[in-house]
Amino acid sequence: MLVERMTPFTSTIFAEITQLAVDTGAINLGQGFPDTDGPESLLADAAANITGGVNQYPPGPGVPALREAVAAHQQRFYGLEVDPADVLVTVGATEAIASAVLSLCTTGDEVIAFEPYYDSYPAMTALSGATLRTVPLRAPDFAFDPDELRAAFSARTRMILLNSPHNPTGAVFDREQLQIVADLATEHDVVVVSDEVYEHMTFDVPHIPIATLPGMAERTLTISSAGKTFSVTGWKIGWIHGPSELVAATRAVKQFLSYTAGAPLQPAVATALGLPDEFYTSIATSLRGKRELLSAGLKAAGFTVYQPRGTYFIVVDGRPLGFEDGYKLAYDLPSLCGVAAVPVSVFASSPEGVEAMRPLVRFAFCKRDEVLTEAVGRLAGLGN
């Protein structure tokens, strides 16, 4: 009964691998969710809001305190001048992406995304009726070829979906790469939708919002969320901001997707966005140690490891261990050694992209150190 354009999206790899991990008792390093909760002050504020009666519909665009806090955050960390009126609170970053694509793209349009991509990008593009054009990111550094990106643009290009820090590869686009994207977007009068949910998770390199480049604030919708920054992925509190006319278009669709959500959570997130610098620096410091722990274990197990510069994911190549097909490896890993990961090829759709990603799998390291240590111990026997 499903409409044809959605038949490729009947299930997500995250649901399948998570269920496989449950069924086998494997350590789930597939889906990217932490196994610890966020700051105690954030949790306490949310609980107080619930018992204090903040439980009815919040305003459709989001509670004013959160919209103001997002604007203040962007000024504090990036020097971006954002009008709180141009901030829209969404049900996670995924709804922000959906609302932007559905409001701005239609049949005959083209949407560019880097491959591999977050799995909602092709699904939302299909829902809009537009066509997805992909540009590959290749190992070991997962940078893009400027000529391939240039060739992806056409008179029908309406939008480019940018994700940096990048899921699933852990790449972080530098200023030179972002400038290439900016120049092409300007030349072709294209909207940039910039998914920056891992903005505070970079290692020894800065996160640069593309909206900070000259002339780009006028054509960029910037997305982030509380889920990743504050380790509350189940709260689904996200936001999007940008030029008034683009936010208004996005709001027109968003109001008929969920209208609003998270009444007691939104003001708690607003307060948390003002936490001191020490909190934000501790995010990357903690994750850096976890990255090193899992990376060393994966190398010792025999994988080729592509060290990420951001996010909390590590991509590895299984061929040194004799695993040519990352998809098969991901489904076999729980029974082979009791650890779950996801294949990277499912985040690609072009024949070239699928082939390039075929031997790769992705592990998440946003887990407690003792869990990662146990996973490393289990992985050690994989070569046997």
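## Cysteines

A search of the whole structure, which is a predicted model, turns up zero disulfides. Take Cys-337 to begin with: this cysteine is in no disulfide, and the nearest cysteine sulfur, that of Cys-366, is 18 Å away. A disulfide calls for two cysteine sulfur atoms within 2.5 Å, so at 18 Å Cys-337 and Cys-366 do not qualify. Seen from the other side, Cys-366 has the sulfur of Cys-337 as its nearest cysteine sulfur, and Cys-366 is likewise in no disulfide.

Are these cysteines buried or exposed? Cys-337 is buried, with a relative accessible area of 11%. Cys-366 also counts as buried, at 5% relative accessibility.

## Helix α4 and its surroundings

Helix α4 covers residues 92–104, which makes 13 residues. From its first C-alpha to its last the helix reaches 19 Å, close to the 18 Å expected at 1.5 Å a residue. Because 10 of its 13 residues are buried, α4 is largely enclosed by the rest of the structure. Those buried residues are Gly-92, Ala-93, Glu-95, Ala-96, Ile-97, Ala-98, Ser-99, Ala-100, Val-101 and Leu-104.

Some of these residues turn up again in the contacts of two polar residues elsewhere in the chain, Ser-225 and Thr-250. They are taken in turn below.

## Ser-225 in strand β7

Ser-225 belongs to strand β7, which runs over residues 220–225. With 6% relative accessibility, Ser-225 counts as buried. Its side chain reaches the backbone nitrogen of Gly-227 at 3.4 Å.

Leaving out residues up to four places away in sequence, Ser-225 touches Ala-93, Val-197, Ile-237, Gly-238 and Trp-239. Ala-93 is one of the buried residues of α4.

## Thr-250 in helix α9

Thr-250 has its place in helix α9, residues 244–254. Its relative accessibility is 0%, so Thr-250 counts as buried. The side chain of Thr-250 reaches the backbone oxygen of Leu-246 at 2.9 Å.

Which residues does Thr-250 touch, not counting residues up to four places away in sequence? They are Leu-88, Ala-96, Ser-99, Ala-100, Ser-103, Leu-221 and Ile-240. Among the buried residues of α4 are Ala-96, Ser-99 and Ala-100.

## Aromatic pairs

The count of aromatic pairs comes to 18. One of them joins Tyr-118 and Tyr-121, with 5.9 Å from centre to centre and 80 degrees between the planes, an edge-to-face arrangement. Tyr-118 is partly exposed, with a relative accessible area of 22%, whereas Tyr-121 counts as buried at 3%. Another pair is Tyr-327 and Tyr-331: the ring centres are 5.0 Å apart and the planes are at 40 degrees, so this pair is tilted.

Where do Tyr-327 and Tyr-331 lie? Both are in helix α12 (residues 326–337), four residues apart, which is about one turn of the helix. An α-helix has 3.6 residues a turn, so residues three or four places apart point the same way. Tyr-327 is partly exposed, with a relative accessible area of 39%, and Tyr-331 counts as partly exposed at 25%.

There is also an aromatic cluster, formed by Phe-77, Tyr-78, Phe-230, Phe-279 and Tyr-280.

## Charges over rings

Two cases of a charged side chain over an aromatic ring deserve a look. Arg-362 lies over the face of Phe-313, at 3.6 Å from the ring centre. The charged end of Lys-367 sits over the ring of Phe-33, 3.8 Å from its centre.

## Lys-290 in helix α11

Lys-290 is found in helix α11, which spans residues 277–301. This lysine is buried, with a relative accessible area of 12%. Setting aside neighbours within four places in sequence, Lys-290 is in contact with Phe-365, Lys-367, Arg-368, Asp-369 and Leu-372. Lys-367 in this list is the residue whose charged end sits over the ring of Phe-33.

How many residues along the chain separate Lys-290 and Arg-368? They are 78 residues apart, and 8.2 Å separates their C-alpha atoms. With Asp-369, Lys-290 makes a polar contact of 2.9 Å between the side chains.

Key:
Residues numbered from 1 in each chain as written. Predicted model: local features only at pLDDT ≥ 70, side-chain atom pairs only at ≥ 80, totals over all residues. Heavy atoms only, no water. Buried < 20%, exposed > 50% of the residue type's maximum accessible area, 1.4 Å probe, protein only. Helix = DSSP H or I, 4+ residues; strand = E, 2+ residues; numbered from the N terminus. Expected span 1.5 Å × (residues − 1). Polar contact = N/O pair within 3.5 Å; in protein donor to acceptor, adjacent residues only side chain to side chain. Contact = heavy atoms within 4.5 Å. Phe/Tyr/Trp six-rings, centres within 6.5 Å; stacked < 30°, edge-to-face > 60°. Lys NZ or Arg CZ within 6 Å of the ring centre and 35° of its normal.
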